[in-house]
Amino acid sequence: MIPAMPRAISLNTPIEDLHNFRIARLGDQLSHKLAAALAAHANKRTAAEATVEDLLNYLPMRYEDRSHPAAISDLANGMEASLELRVLRAHGYPIKKGFARGRLFIFEITAYDAGKTGREVIVWWFVSGRRAYEIVKYYTQKLAPETRFITFGQWEWNQTKSTYKLQLHRPADELEILPSLEQQQTEGGVDLEHSEENISDPSLAAIHVGRRVPVYRKLGPFNSKRVREIIHAVLANLDLETIEETLPADLLQRTRLSDRKRTLHEIHFPPADASMEDYELARSPAHTRMIFEDFFWVTFALGLKRGKRTKESKSATLRIGKSELGKIGSVLPFKLTKAQRRVTREICNDLKSSAPMNRLLQGDVGSGKTIIGVIAMLAAMENNLQTALMAPTEILAEQHARNIKRLLAKTPYRVELMTGSLRAADKRRLRVALQEGEINAVIGTHALVQEGVGFARLGLVVIDEQHRFGVMQRAELRARGLNPDVLVMTATPIPRSLAMTVYGDLDVSVIDELPPGRTPIETIVAGEDQRQEVKKLISREVKAGHQIYVVYPLVEESEKMDLKDATRRYEYLRDVVFPKLPIGLLHGKMKPAEKERVMNAFVSGEIKILVSTTVIEVGVDVPNASVMIVEHAERFGLSQLHQLRGRVGRGAKKSYCVLLTSDKKTAVAEERLGIMAKTNDGFVIAEKDLEIRGPGELLGTRQSGLPEFRIGNLVRDRELLESAKREAEFYLNKEKSSATAKLVARIKQDTRFGLAAIG
Ligand code: ADP
Ligand code: MG
């Protein structure tokens, strides 16, 4: 029996069924490919789970107004514009240079516009890789003389050619071939990627020109133009009756947001009378509604979780009175700063309360977070509870163990280091001791919790330098039947308001003051040509008895090459540049014992120059080091550079941070590095980083399992975030209302939030 054909598409229609709806050239195999690509994008487990709603949530990266395409005569230097052009000639030529010979081409189109309004322009891009020659051949064929195309980008005036030039970076996204007027029937709109996914339908040509169009990132094998066609067809066949409003009616009224039906259309296809500027700035009514909703659900979900937490209670409430404080005071090696005293009070209040602590301690590098963690641990130990300190790297765990053992030497507490590199027998012994409650403080990497180590009475977990945000650690601990106090310490200074708003699940304490007697670090951005001066700086500082770090990036994709780079550089420094100085090498691929030996030699001052990969990025504390040299600084993120810089300037002497960039530094890299030279303020730097890289990467939400925003941008949309948060709280406070019940029911269905289990 043939199943009845569904009449219209709804938001729940599986993408794999789309071929039942007569969408041009979308058969069942392509439907499946589309579903697979979307599933990956929407974090669905299988292709079968991808729905039309996911497709409509695949938002344009920008919009082009093709209703009045610009003409060549309208261009000005540096202007961003899309032009409809015709090919005069197109060809590729190889760049003959060293190893790249035969692998690197420039492809160049000379083109004119329909009105011949100005001198022909040049559109070009690089073609590289093993298949470069084939690709060039393919383009030459596709871009035959008279072919019409639309292209978008920033046009630059070229003096030598005395015309405008446009360099494309992703031709598949930035150039669309239009169906030629003459051969519309046969050739249609075959696009640059020659594959069945991208054969478009000539009868759909009108979707792409003479109007405002969305431009999408490639979705799996589907290019922007094909995604546009498919979304257009889906919207045309979508049964509007099945689109339920997700936000409460009174909220829509209060906030004047546009309704969901309209939004789903207009986010893809801007109406003819809408302001294109609003669309570019993500300020159209459709954007506003989408962004608001994005923030609303995340803050609502986190609020829901948080409400739950204050109601649960921990196993033991701490007593922190005179005698406990006295004990703590007796081990402090220095006077706490005012900020440190304030956060200590905040933490002690949490420890004394019956709800489990879930606190984030933020403090710039070098602000003295470690001692705060130790104080909290001591408070717990004084209450006869066990504590654990987790660090992101073994090097850091070892350093903490060394310091804390020294600090607590006069106390009766047993402190142990437990890392993956221990011998099996030792590990077993430590496990038993922990289980029996004989160890008071255990220090290790994150593996400590994951490996299922058992405790007799775990009272507090401190998580140090957890860039990869520690919100989910509590969930992990709880899943193992533990409900201790949790303190997460981080130097990634998420602008405070954001931390409070978005991660409302954590309470936040901030150390906004450095310990006294620090001299500001001087930051220098230097090119290859300044190596000689850098060498002089190193010699001078070593002579003065100080130590030096030289750090190399280690990018995952090219890890092997990078490592060879660092190693070769180390040998060069050791044998050629400073043959008389003791130099050490440290990287993540070394055996743990070897790492420890090198690190100890650097801590004791035996090694003067430490060449390293970013394993030393977080937390390493060697106050005698006064120079941090970062090679290929342009390859690091700002917050990472700030972390690296924080390894020096830990004593009273003057320290330096040299950011070395290769010759080919880009303008963006230069601008970014300039920020580093201008400010030492971690908050300013984080804010810039957030602008440049987006929040997901900075906060590491991916790893932490926190929901990511689909469209909302924490910096750009701060005001919407605040209003969304206000509205979310409004409904959270009306626990008993039917509107709130509906919202709760809806959010439990959304797998992004993992709230299904909350009662
Ligand atoms: P971070 O916040 O980056 O983890 P650390 O805890 O490693 O910083 O502290 C940086 C350095 O400052 C350490 O050498 C530490 O001993 C020292 N320090 C911390 N607090 C104070 C203080 N109140 N007075 C003097 N030195 C301090
Ligand atoms: Mg630290």
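This is a short group-meeting talk on a predicted model with a bound ligand and two open sheets.

Okay, hi everyone. Keep in mind throughout that what you see is a predicted model. I'll start with the ligand, go on to the sheets, and finish with a couple of odd backbone angles.

So, ligand 1. How many residues surround ligand 1? The count is 17, and the closest are Q340, G366, K369, T370 and R518. If you sort that shell by residue type, you get four nonpolar, six polar and seven charged.

Let's look at some polar contacts. Q340 puts a polar side-chain atom 2.8 Å from a nitrogen of ligand 1. On the backbone side, G368 has an N or O atom 3.1 Å from a ligand 1 oxygen. And then there's D621, where an N or O atom of the side chain sits 2.9 Å from an oxygen atom of ligand 1. As for how covered the ligand is, ligand 1 on its own exposes 560 Å², and the protein buries 84% of that.

Right, on to the sheets. The one I'd like to show you first has seven strands, and it's an open sheet with parallel pairing. If you want to trace it on the screen, the order is β11-β12-β10-β13-β14-β9-β15. Which strands are at the edges? Those are β11, residues 415-418, and β15, residues 507-511, each of which pairs on one side only. Ignoring direction, neighbouring strands here are turned by 20° against each other on average.

Zoom in on the β11 end. β11 runs parallel to β12, residues 441-445, and four bridges join the two. If you want a pair to click on, L417 stands opposite I443 in β12.

While we're in this sheet, have a look at β14, which covers residues 485-490 and includes D485. Is D485 buried or exposed? Buried: its relative accessible area is just 1%, and the cut-off for buried is under 20%, so D485 falls in that class. What does the side chain of D485 contact? One of its polar atoms lies 2.6 Å from the backbone nitrogen of M357.

Now the other sheet. This one is open too, with six strands in the order β16-β21-β20-β17-β19-β18, and the pairing is parallel. Its edge strands are β16 (522-526) and β18 (583-586), each pairing on one side only. From one strand to the next, the twist averages 15°.

Inside that sheet, pick out β17, residues 547-551, and β19, residues 609-612; the two run parallel and are joined by four bridges. On β17, V551 has S612 in β19 as its bridge partner.

Last bit: backbone angles. Most residues other than glycine have a negative phi. Here are two with a positive value.

A282 isn't a glycine, yet its phi is positive, about 60°. You'll find A282 in the loop between α10 (276-280) and α11 (285-311). A282 is buried, with a relative accessible area of 6%.

H632 has a phi near 50°, again positive in a residue other than glycine. H632 sits in the loop between β20 (625-630) and α23 (638-645); β20 belongs to the six-strand sheet we just walked through. How accessible is H632? H632 is partly exposed, with a relative accessible area of 22%.

That's what I had. Thanks, everyone.

Notes. Residues numbered from 1 in each chain as written. Chains lettered and ligands numbered in written order. Predicted model: local features only at pLDDT ≥ 70, side-chain atom pairs only at ≥ 80, totals over all residues. Heavy atoms only, no water. Near = heavy atom within 4 Å. Polar contact = N/O pair within 3.5 Å; in protein donor to acceptor, adjacent residues only side chain to side chain. Areas by Shrake-Rupley, 256 points an atom, 1.4 Å probe, with all protein chains shown as cover. Nonpolar A, V, L, I, M, F, W, Y, C, P; charged D, E, K, R; others polar. Buried < 20%, exposed > 50% of the residue type's maximum accessible area, 1.4 Å probe, protein only. Pairing = 2+ DSSP bridges. Axes fitted to C-alpha atoms, helices over the stretch in contact; angles between N-to-C directions.
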